[in-house]
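Hi,

Here is the structure I promised to pass along. Have a look at it first, and then read my notes underneath.

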Amino acid sequence: MTETPPDSAAKNTPIPEALRTAGAVQRRGSRYNMTRVLPVDVELMRFLLKMKYARPIQIAGWLGASGSYVYTRLRSLQAWGLVEKDVYSAGLRSWPPVGGQRVEGRAVTVWRVTTKGRNRLDPWPVAGEPASVPVKVKASKMSKSLGDHTLGAVDLAVLYRRWGFEVATEREYTALEMPQRVPPVVSSFVWCPHVAGRGHAPDLGVIHPDDGSKWGIELERATKRDTEYRDVMNLYVDHGLGQVWHSGSPATATNLTRAASSIGHPLRRVEVNGQTVFMSEDGMIRLVGWWPGFSDPEARKEWPDVWPALDYGVPPGGFTVAGGRPDLSLSWKMV
């Protein structure tokens, strides 16, 4: 991985900042030799592998990085063949959020890790699972039929992480329950409802930062029969896990409410942090409203404003968090 310096004859000039921060730390003759990826690159590519793909604004939200810095890293990783981009028409709301909640198809760029990029990463532990059982999921192509759901789940993952929740994904759960091709070769049951057999993989699993409680997170954009929801709810109850359903329509919310009543856990309306939440008496089944995300603000400096607009400035899922928002950049910044 090499790049020609602006002035190849000036071998004694300092390496430009843009290349130095991209991992260009050696000059050989008239070319810069890219010797390594940065800690932020590892975090970025792991995130993309966990979620399949994501928009740059979502990457920035997950990392706690600026939009400009994210684009700098993506361009470097793309030049090295470690990530690729696709264009997709996602159902999004306009930014800034004024007027109603109209959702329209908007062309967005989504990024994903290539097989080459995936092979550059070491296996990693899954949130809530032993570090001795790491995973390494496959690189994935863009799936346009599931694109809106995938990007919606990414939004939720970012929102929970930005409030300090540890987040695991459906792809990681599935990998844990399959024999791994990376050491150690194991098949492990995970703390979420099992994927194999009579099981169900939630869209996300989160761990509360205060009490360590574990929750399955479901995004329901379509409307299914209440009997289908009942079966999944029972899996969570049998597993002793909390469940949060993010509902995208009144019809979906109605069927979810019926399902909860049918298993003996009727939902009641409560106000948490000024937001309406429907939850069971023990609080272990929760139903909250959900809207698609926003289109990218023209100015990248406005990107941080998108996330409080999506979660209304309070933790998602009807939760409270004592510590407030953490500094996400501490997970990758070099000191």
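Below is what turned up, going from the whole chain down to single charged pairs.

First, a caveat: this is a predicted model, so please read everything here as computed from that model.

**The overall picture**

The protein has 335 residues, and 49% of them are buried. Its secondary structure comes to ten helices and twelve strands. If you take the contacts with a separation of 6 or more, 67% of them are between residues 24 or more positions apart. As for the outside, the accessible surface is about 15600 Å², and carbon and sulfur atoms hold 51% of that.

**Salt bridges**

How many salt bridges does a search of the whole structure find? The count is twelve. I'll go through a few of them.

One of them pairs D41 with R73, with 2.8 Å between the closest N and O atoms. The two partners sit 32 residues apart and tie together distant parts of the chain: D41 belongs to helix 2 (residues 39–51), while R73 belongs to helix 4 (residues 67–79). Are these two side chains in buried or exposed residues? D41 has 0% relative accessibility, so it counts as buried. R73 is also at 0%, and therefore counts as buried. The cut-off behind both calls is under 20% relative accessible area.

Then there is a group around E104. E104 forms a salt bridge with R102, where the closest N and O atoms are 3.0 Å apart. E104 also meets R106 in a salt bridge, at 3.2 Å from N to O. What about accessibility here? E104 is at 30%, so it counts as partly exposed. R106, at 24%, is partly exposed as well. R102 comes out at 64% and therefore counts as exposed, the cut-off for that class being over 50%.

There is also a network elsewhere in the list: E84, D86 and R112 are joined into one by salt bridges that share partners.

**To sum up**

If you want places to start in the viewer, try the buried D41 and its salt-bridge partner R73, then E104 with R102 and R106. After that, the E84, D86 and R112 network would be a good stop.

Cheers

Definitions and conventions
Residues numbered from 1 in each chain as written. Predicted model: local features only at pLDDT ≥ 70, side-chain atom pairs only at ≥ 80, totals over all residues. Heavy atoms only, no water. Helix = DSSP H or I, 4+ residues; strand = E, 2+ residues; numbered from the N terminus. Buried < 20%, exposed > 50% of the residue type's maximum accessible area, 1.4 Å probe, protein only. Contact = heavy atoms within 4.5 Å. Areas by Shrake-Rupley, 256 points an atom, 1.4 Å probe, with all protein chains shown as cover. Salt bridge = Lys/Arg side-chain N within 4 Å of Asp/Glu carboxyl O.
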